[in-house]
Amino acid sequence: MPTNPMPRSETRGKLIVISGPSGAGKTSICTALLADLPGAVWSVSATTRPMRPGDVPGVSYEFLTREEFARREAAGEFLESAEYVGHRYGTPRAPLEQALRRGQSVILEIDVQGGMQVAARMPDSIRVFVLPPDAESLRARLEGRKTEAGEQLTRRLAKADGEIATARDSGCYPYFVVNDVLETTVEQVKAIITREQQKA
Ligand code: ADP
Ligand code: 5GP
């Protein structure tokens with residue numbers, strides 16, 4: 001987990017959940033948040049998906065076989081888990097708990113199924129759903145990222161409307177932000193986090 005300097009705090013850290021369709025800009029937003037929030041850490045998820053260009057094992061994800069993922073899931077090692085376009089994803093519980101106990105904020109970039117599980121298990125988490133400005137921008141961003149092609153790209157785009165509807169209907173996301181201009185979105189998310197931390 002990359003980490004900023006530790007805050008001097010006796011209080012438990014906040015869990016921050018960022019969800020949204022593939023290509024909406026979650027990773028871009030989380031990267032900016034990590035640079036700006038003192039003591040914040042990124043939760044490194046486990047996944048069975050193949051590595052793609054730019055992925056660094058142990059930094060972007062822990063890359064596991066299906067068998068290893070299933071074994072760790074059965075052992076209760078994940079806070080939440082989901083299947084997304086044919087691959088498993090899960091949030092390892094232990095490092096997250098350790099960071100929260102140290103008073104650090106932990107950022108989870110997870111899909112809507114995972115976000116709903118976290119809402120049920122950790123209701124005091126801060127949950128934000130990122131929307132693209134429109135369907136064309138989403139397609140352009142995902143195509144422009146050049147990390148998926150063919151069936152993977154089609155399946156991710158086809159899921160977007162359903163994910164947005166699920167997020168809205170579930171009531172698990174108190175905050176929806178439209179990621180039009182990245183810098184503005186990051187400021188909006190930072191303002192949400194500050195407001196929620198003050199409430200706590
Ligand atoms: P996600 O993590 O939600 O799949 P990414 O953060 O990888 O999305 O963003 C998808 C692509 O869109 C990336 O190439 C990223 O640089 C670009 N992008 C992110 N936010 C914006 C924005 N506000 N305007 C234009 N391009 C963006
Ligand atoms: P990608 O393959 O593009 O990295 O991620 C695909 C989707 O899986 C994204 O919506 C991403 O947020 C989500 N995801 C990544 N890690 C996790 C996780 O640990 N749990 C869940 N539920 N979703 C995750």
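**Aromatic pairs and the surroundings of ligand 2**

Residue A135 is found in helix α5, which covers residues 135-145. The model described here is predicted. With a relative accessibility of 54%, A135 counts as exposed, because the term applies to values over 50%. A135 and S125 are 10 residues apart along the chain, and 29 Å separates their C-alpha atoms.

Aromatic side chains were examined next. A pair of aromatic rings is described by two values, the distance of the centres and the angle of the planes. Six aromatic pairs are present in the structure. One of them joins F69 and F78, with 4.7 Å from centre to centre and 35° between the planes, and this pair is tilted. Both F69 and F78 are buried.

Another tilted pair consists of F129 and F176, whose ring centres are 5.5 Å apart and whose planes form an angle of 45°. F129 belongs to strand β8 (residues 126-131) and F176 to strand β9 (residues 175-178), so the pair ties together parts that lie 47 residues apart in sequence. The two residues were also assessed for accessibility. F129 has a relative accessibility of 0% and therefore counts as buried. F176, at 28%, counts as partly exposed, because this value falls between the limits of 20% for buried and 50% for exposed. The ring of F176 has a further neighbour in R168, which lies over its face at 4.8 Å from the ring centre.

Aromatic residues also occur as a group. One aromatic cluster is formed by Y61, F63, Y84 and Y89. Two members of this cluster, Y61 and Y89, are also listed among the closest residues to ligand 2.

Ligand 2 is surrounded by 16 residues. Besides Y61 and Y89, the closest of these are S45, R49 and R156. Several side chains place polar atoms by the ligand. In the case of R49, an N or O atom of the side chain is 2.6 Å from an oxygen atom of ligand 2. R52 has a polar side-chain atom at 3.1 Å from an oxygen atom of the ligand. For D111, the ligand atom concerned is a nitrogen, and the distance to an N or O atom of the side chain is 2.7 Å. Ligand 2 taken alone exposes 510 Å², of which the protein buries 97%.

Definitions and conventions:
Residues numbered from 1 in each chain as written. Chains lettered and ligands numbered in written order. Predicted model: local features only at pLDDT ≥ 70, side-chain atom pairs only at ≥ 80, totals over all residues. Heavy atoms only, no water. Phe/Tyr/Trp six-rings, centres within 6.5 Å; stacked < 30°, edge-to-face > 60°. Buried < 20%, exposed > 50% of the residue type's maximum accessible area, 1.4 Å probe, protein only. Helix = DSSP H or I, 4+ residues; strand = E, 2+ residues; numbered from the N terminus. Lys NZ or Arg CZ within 6 Å of the ring centre and 35° of its normal. Near = heavy atom within 4 Å. Polar contact = N/O pair within 3.5 Å; in protein donor to acceptor, adjacent residues only side chain to side chain. Areas by Shrake-Rupley, 256 points an atom, 1.4 Å probe, with all protein chains shown as cover.
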